Amino acid sequence: MLPVEEALEIVLAHAPRLAAEAVELKDAPGRVLAEDVRADADMPPFDRSAMDGYAVRAADVAGAPLVLPVAGQIRAGQYPDRPLPPHAAVQVMTGAPVPAGATAVVPVEHTRAVDGGARVEILGPAVTGAHIARRGCEVSAGDVVLEAGRSIDPAAVAVLAAVGKARPAVGRRPTVSVLVTGDELVDVWEAPGRGRIRNSNGYAVMAQAAAAGAVVRSLGVAPDQRDRIAEAVREGFASDVLVISGGVSAGAFDLVEEVLARFDVGLLFTKVAIKPGAPLVFGRRGDKLVFGLPGNPVSAQVTFDVFVRAALLRMQGARVVSRPVVEVLLQDALANRSGRANYLPVRIRVQDGRLVAGRVRTAGSADVVAHAAANGLVVLDAARIQAEAGEKARALLLGNFLDRDGLA
Ligand code: AMP
Ligand code: MG
């Protein structure tokens with residue numbers, strides 16, 4: 001069986017990089033930036049007051065308290081047409097350019113208006129440079145302010161707006177078709193008859209694909225019949241990525257591999273040393289990718305997270321494609337007799353400044369409730385059969401880490 005790292009390398013090596021497209025800034029959040037973005041001008045573009053107050057020469061107020069004549073007022077949006085006269089102050093507002101010659105801004109709280117504002121008392125001396133953001137102190141024109149491969153979060157949106165990138169180049173969103181297989185499955189609104197269960201994977205996998213930036217399409221549920229699966233698979237190849245859940249293990253009705261062979265899909269692996277998981281099919285047909293995920297609901301979610309999510313992000317050009325990995329202190333003993341890398345559900349929280357992971361009781365790879373209660377997965381390598389409470393371990397932070405009061 002293929003180790004997880006090798007399988008992931010194969011997936012990433014075969015994930016085609018999709019073309020870039022320009023989008024409007026308002027549509028950019030969540031997309032992956034496809035270009036290095038440079039500042040079009042110095043930031044700030046002029047010497048800017050950081051306070052409401054008075055622009056002065058620091059040397060002029062060294063002997064404060066003292067009174068200076070007020071030589072004018074500059075509001076945000078105005079531009080001073082003459083320098084600061086000697087031994088005078090100019091009233092400035094936050095965000096206004098300070099006049100040439102000014103070396104400090106004295107905040108209004110440290111002043112007192114005299115003669116109805118014609119003069120101002122400066123209550124104390126000012127340090128040179130105080131409350132003035134010099135032109136270019138943040139970045140210079142031409143500096144790279146955002147690098148290609150970064151996912152566009154609100155902070156990046158602010159930068160794009162500040163440098164005038166009205167239509168940033170981003171990676172195209174991959175289209176993903178999701179096919180679920182299994183005679184036992186009924187849809188969410190149906191009452192499962194005897195021996196039947198609800199299709200949870202279809203919805204979970206579509207949600208995961210959407211969260212990874214994909215444009216998602218459902219191919220519905222196919223029964224365990226070659227022709228019905230083949231019909232759906234054919235449609236699925238219209239998308240960049242086809243994700244199939246179920247029918248990839250060794251049972252008499254696990255038909256997915258056989259059907260993929262009909263379509264000349266080049267299978268790159270069919271088993272990975274991962275728990276939950278193991279049966280996991282990855283193949284390629286031209287520039288289309290196919291994943292056959294195990295039907296067990298937690299296996300499907302975990303293998304999606306580790307492999308499919310990474311592929312979808314890489315196709316968009318993302319630099320970081322894996323979940324954050326942290327070192328945690330185990331609160332409970334954990335066992336791994338699977339001979340595979342074992343991903344165990346835990347709740348991670350901060351205790352005395354350390355990340356501590358407590359096990360989430362789970363009945364196994366069908367237990368979606370336990371998986372939903374976890375905010376991380378401790379990874380015990382194949383060789384690590386037992387981990388004791390108090391030992392350290394590697395853990396993946398799940399997407400919900402902050403929501404599930406992980407840091408509370
Ligand atoms: P399979 O991989 O098809 O052998 O399925 C493994 C297990 O996962 C079986 O118990 C199935 O009933 C279950 N399963 C398969 N597909 C789904 C699904 N879409 N939603 C919930 N459970 C599923
Ligand atoms: Mg099945």
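**Exercises on a ligand and two sheets**

A backbone N or O atom of Asn201 lies 3.3 Å from a nitrogen atom of ligand 1, which makes a polar contact (a pair of N or O atoms within 3.5 Å). This is a predicted model, in which local features need pLDDT of at least 70 and side-chain atom pairs count only at pLDDT 80 or more, while totals for chains, interfaces and linings use all residues. Residues are numbered from 1 along each chain, chains are lettered from A and ligands numbered from 1 as written, and side-chain values use heavy atoms, without hydrogens and water.

**Exercise 1.** Describe the surroundings of ligand 1, and find how much of its area the protein buries.

*Solution.* Begin with the shell of 16 residues (a heavy atom within 4 Å), whose closest members are Glu184, Asn199, Ser200, Gly247 and Gly295. Next, look at two of these closest residues in turn: a polar side-chain atom of Glu184 is found 2.5 Å from an oxygen atom of the ligand, whereas Gly295 brings a polar backbone atom to 3.0 Å from a ligand oxygen. Then turn to area (Shrake-Rupley method, 1.4 Å probe): ligand 1 taken alone exposes 480 Å², and 77% of that is buried by the protein. Finally, the elements giving two or more residues to the shell are strand 13 (175-181) and strand 15 (197-198).

**Exercise 2.** In which order do the strands of the sheet that contains strand 13 lie, and which strands stand at its edges?

*Solution.* First, write the order of this open sheet of six strands (DSSP runs of E, at least two residues), which is 16-13-17-21-20-18, with mixed pairing (at least two bridges between partners). Strand 16 (215-222) and strand 18 (266-271) each have a single partner strand, so one side of each lacks a neighbour in the sheet. From one strand to the next, the twist averages 15° (lines fitted to C-alpha atoms, angles from 0 to 180 degrees). Last, strand 13 runs parallel to strand 17 (residues 241-245), joined to it by five bridges, and Val178 stands opposite Val243 of strand 17.

**Exercise 3.** Why is one side of strand 7 and of strand 8 left without a neighbour in the sheet?

*Solution.* Start from the strand order 7-4-6-5-9-8, which belongs to an open sheet of six strands with mixed pairing. Strand 7 (104-107) and strand 8 (111-114) stand at the edges, so each has a single partner strand and one side remains without a neighbour. Neighbouring strands here are turned by 40° against each other on average, direction ignored. To complete the picture, follow strand 7 to strand 4 (residues 53-56), where four bridges join the two strands in an antiparallel arrangement, and where Val56 has Ala104 of strand 7 as its bridge partner.

Note on methods
Polar contact = N/O pair within 3.5 Å; in protein donor to acceptor, adjacent residues only side chain to side chain.
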